Amino acid sequence: MIPRECRRLVEVDFPVAEVSRHASREKSIQHGHPSTLHRWWARRPLASCRAVLLGLLLPDPCDPLCPEWFKQKARRLIMRVRCVGEDSESLRRALLSFIADFSNWDNSADPVSLGVARGLVRAAYPDSPPLVVDPFAGGGSIPLEALRVGCEAFGSDLNPVACMLLKMMLEDIPRHARDPMRVPTANGGREIVDGLAEAVRRVGALVRARVEKELAEFYPSDPDGARPIACLWARTVRCEAPNCGAEIPLVFSFWLSKRAGRRWALRYQVERPKGRPPEVVFEVFQPKSDAEVPKGTVSRGNATCPACGTVLRMERVQAQLSQQRGGSDVVFDEKGRRLGGARLLAVVVLRPGGEGRQYRLPVERDYEAVWRAQQRLAKIVGQWKRGGERGPCPVPDEPMLPERTLAFRVPRYGMRTWGDLFTARQKLALVTLARAVRELPSSVPDAVRLAMALVVSRCADDLSSLCFWSGAGEKASNTFLRQALSIVWNFSESCDYGEGGVSLVSQIDYVARVVETWPGSHAGRVQLADATRQPLPNGAAAIWFTDPPYYDAVAFADLSDFFFVWLKRTLPGHPLLRDPFDPANTLTPKATEIVHDRAVAVNGQVKDRAFFEDSMTHAFREGRRVLQRDGIGAVLFAHKNPEGWEAFLSSLIRAGWRVTASWPITTEMSSRPRAHGSAALATSVHMIIRPRPKDAPTGDWSRVLRELRRRVGDWMDRFQRDGVRGADLVFACIGSAMEIFSRYSHVEAGEGRRVALAEFLEKVWSTVRRAALQQVLAAADGAGALEDDARLVAMFLWTLQRKAAGGYALAHDVAHRFARPLGIRLPEWEGRVIKTQDGVVRLLTIRERARVLFGRKGADIVDRRIEGTTPGTGELKVARTATTLDRVHTAMILQAAGRTNAMRALIRSEIERGSDFLRLANTLAALYPKNSEERRLVEAMLLAAPR
């Protein structure tokens, strides 16, 4: 047994840079990775979970209390993959190096690396495998990695959809991945196949054959043999201008393909027949320039009539679409003629022998297929009603939450039930697919049924009216590109359920590949449970490691209802697909979900900060209860909201935990949707925690502040070397600062005044800002000093720390007194960085700096970006020899202009030049006032920087 006082490896050091590189790269892996089993939001990379978990499990060889028997076994094991010296320091370095290498996805199933990792865990826990507990298991990254390295794993979650994924990953795949399985055949017989993956493929083929047959008439091929693969639709409203009344197709972009050599788009003409409203007529063409492609008809929720130019305001657009229940369905008369509703803009086809995707205008048979689908769907629902409405309606009729709810925007357009998110033909396809899986022979193993249910759920993600057509990639998106449900004006409908069934084949293959990739382990345990009431005895867990809710960042329960309504129709009566706390609830549990959402109240209590903090405190106390006396834990947090951080950390301290180490690991790709134009954090702060002793001393405020000032510089230097930048750097320092504050029962200032956590965090912010400033304000002749303009701006921002109405301003005398000791002459920077008027010196705004650097064109681009309109497409060139500040501002302006490639090229060249660029950018990110445009731009620019 590892002595309780012995420090674990992750408490003394961690390979942040290497693990970050593997973790951020992992999200681009498409096949076989467990994250591709099914959609789950904010899923943690396996690389970071695996690395931190090993750091928690292994003792530090340099600790005096580290058992000698562990060091001997560890040295023998590690020598299988690398050389190691006889001293403890060499062993520590070798273990850290192994953890870094093993975090690489390519090494995660390597037999040698896997054997070393599992051997190290057995060396640390020779009596029995340690139990790793995750009460917010979600997508299952943490308990899955526990199984990989040879631990016992218990994963629970309040959400039924999460529990279905956990059951597949932690129980069914480890238990049945290599087992012979008996499955039905096409001729009614049965056969034995080798393993779960092959069973899924065989049963999937039977389901696909049935679905293709039943849906063939609704997805017909063209007379020339071309096969439609997508229909591109637009919701429509009517122009309300007098003497117009034209139908307005709501189109964000008329581009069909932007690929080099394959540029296709739509353009339109307006015909004005006598006695009828104007009509918009489309044609497909190949534009020679961007200017030939018409602008979209909808912007910021307002629609512009192509016939008369009248703008239909957002409120009227919402009102008209509400009358159409969102407007995703075509409105037909009794003879199948289109009257209104969704309009088909184009059809994407694959022609025999043709190269790539082709685009054609819709014809009558395209609408006929949709009309027949509406009739068939109405017949299915009618049969259900005539049968006494036994069981849920075949089409999801469960209500969506009101529009004010976190992450929901579609109810304001009339989509009030989950079925409203789909067209009639999409609903028919999913109803048919769910029934085919539900009616599989009783001989089909439960693990295969669950896998096929996940296939149905995956198909729903690709088959909603919230999927759009990407001209850049010539493919349809899925529903959840973001952690929200927002309106898509012109949407894409996949047509791959006719001949070939390509989409269904790929979904089956995704699931099967995940099964095949798992290297083998014993099974874990999964339970639907509330984190504040864990179904485990006291002292059961050796490791308590979890990724708790991020305050108001993700509405997990609300979003997961999208999948839940289809899963429960595919596997009716499944014990995990229910709300165990409210049998009357037809959707996922929400009453006890820990989230900050003022739009939701439970028993009269609004889910505000107090609710979040109290609930998290209960969950963290449960963690202490189930943890062994000599156990250790870890929690993640990756939310930028300071209020969320304070609530999270307050819960941790109230529950009796202390932070012993903190490591910021890059877990997000800069190319993810949230990184574009935002300052969402790219790192997840992993805090290592232990129960705080009951006799913990009282902290002295002055001593706490002295230690904070002494250590913050070291943290910043270390984290910047590891590639942590901008806002991520500040929050990384907050995690480390908690090591100081949380070791005490409480901290007192003079006369016994208790220091609140909020006061301490404010001191952390100011200390980090001061340290960032000191990195820039080196002596003018000192090594590493930046140019005068950079030091002048940093001095201004530090002195001001807020933005006045006219910009960042100081009295001239004050500015002069600060600048003179630094050797900075204000007149040299007049009109370039500052502007003096009426005795006040003001920093130029980023808009004004754009004019200095790029002329009027640059200023116009920044204006349009800040105002939310589309940036121009002209070239941006620096007008003169640039300082470091000029180059940082140039990158910020390129970020504002949407010139991502140019910005990254500039940053790469600056990184090759030296460290000044990133040093100044990090400083400005810390010094610019919160919520300022400058801060948002520099943080977004840093997120996109190559790491």
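# A tour of the predicted model

Begin by selecting Arg-710, which sits in helix α17 (residues 701–721); helices here are DSSP runs of H or I with at least four residues, strands are runs of E with at least two, and both are numbered from the N terminus. Arg-710 is exposed, having a relative accessible area of 55%, where exposed stands for over 50%, buried for under 20% and partly exposed for what lies in between, with a 1.4 Å probe and protein chains only. Add Thr-767 to the selection: 57 residues separate Thr-767 from Arg-710 along the chain, and their C-alpha atoms are 9.9 Å apart.

Before going on, note that this is a predicted model, in which local features need pLDDT of at least 70 and side-chain atom pairs count only at pLDDT 80 or more, while totals for chains, interfaces and linings use all residues. Residues are numbered from 1 along each chain as its sequence is written, and side-chain values use heavy atoms, with hydrogens and water left out.

**The open sheet**

Next, select strands β17, β16, β5 and β20, which in that order form an open sheet of 4 strands with antiparallel pairing; two strands are taken to pair if DSSP finds at least two bridges between them. At the edges are β17 (358–360) and β20 (490–494), each of which pairs on one side only. From one strand to the next the twist averages 25°, with axes taken as lines fitted to C-alpha atoms (for helices over the stretch in contact) and angles running from 0 to 180 degrees between N-to-C directions. Within the sheet, β5 (residues 227–234) and β16 (residues 343–350) are joined in the antiparallel sense by 7 bridges, and Ala-230 is found opposite Val-348 in β16.

**Helix α9 and the residue after it**

Move to α9 and show its buried residues, which are Val-317, Gln-318, Gln-320, Leu-321 and Ser-322. These buried residues pack against β6 (236–238), β12 (302–304) and β13 (311–312). Following α9 comes Arg-325, with a positive phi near 55°.

Keep Arg-325 selected and add Asp-420, since the two form a salt bridge whose closest N and O atoms are 2.8 Å apart; the term covers a side-chain nitrogen of Lys or Arg within 4 Å of a carboxyl oxygen of Asp or Glu. This pair links distant parts of the chain, 95 residues apart, with Arg-325 in the loop between α9 (314–323) and β14 (330–332) and Asp-420 in the loop between α10 (364–386) and α11 (424–438). Arg-325 counts as partly exposed at 41% relative accessibility, whereas Asp-420 is buried at 9%.

**Salt bridges within helices**

By the same rule the model holds 63 salt bridges. One of them joins the side chains of Arg-92 and Glu-89, at 3.8 Å from N to O, and both residues belong to helix α4 (residues 88–102), where they are 3 residues apart, or about one turn of the helix. Here Arg-92 is buried, with a relative accessible area of 17%, while Glu-89 is partly exposed at 33%.

Then select Asp-916 and Arg-919, whose side chains meet in a salt bridge at 2.8 Å, N to O. Both are in helix α26 (residues 916–927), 3 residues apart, a separation of about one helical turn. Asp-916 is partly exposed at 30% relative accessibility, and Arg-919 is buried at 15%. Elsewhere, salt bridges with shared partners connect Arg-609, Glu-613, Asp-614, Glu-646 and Arg-654 in one network.

**The nonpolar cores**

Now select Leu-421, Leu-485, Ile-543 and Phe-760, the residues that touch the most other members of the largest nonpolar core, which has 246 residues; such a core is a set of buried Ala, Val, Leu, Ile, Met, Phe, Trp, Tyr and Cys residues joined through side-chain atoms within 4.5 Å. The element that gives the most to this core is helix α12 (residues 446–462), with 11 residues. Centre the view on Leu-421: neighbours within four places in sequence aside, its contacts (heavy atoms within 4.5 Å) include Met-400, Val-410, Met-415, Leu-485 and Phe-562. Apart from the largest core lies another of 50 residues, among them Trp-798, Leu-826, Ala-850 and Leu-885.

**The cysteines**

Finish with the cysteines, for which the count of disulfides (pairs of cysteine sulfur atoms within 2.5 Å) is 0. Cys-6 is in no disulfide, and the nearest cysteine sulfur, that of Cys-66, lies 5.0 Å away. Cys-6 is buried at 0% relative accessibility, and Cys-733 is likewise buried, with a relative accessible area of 1%.
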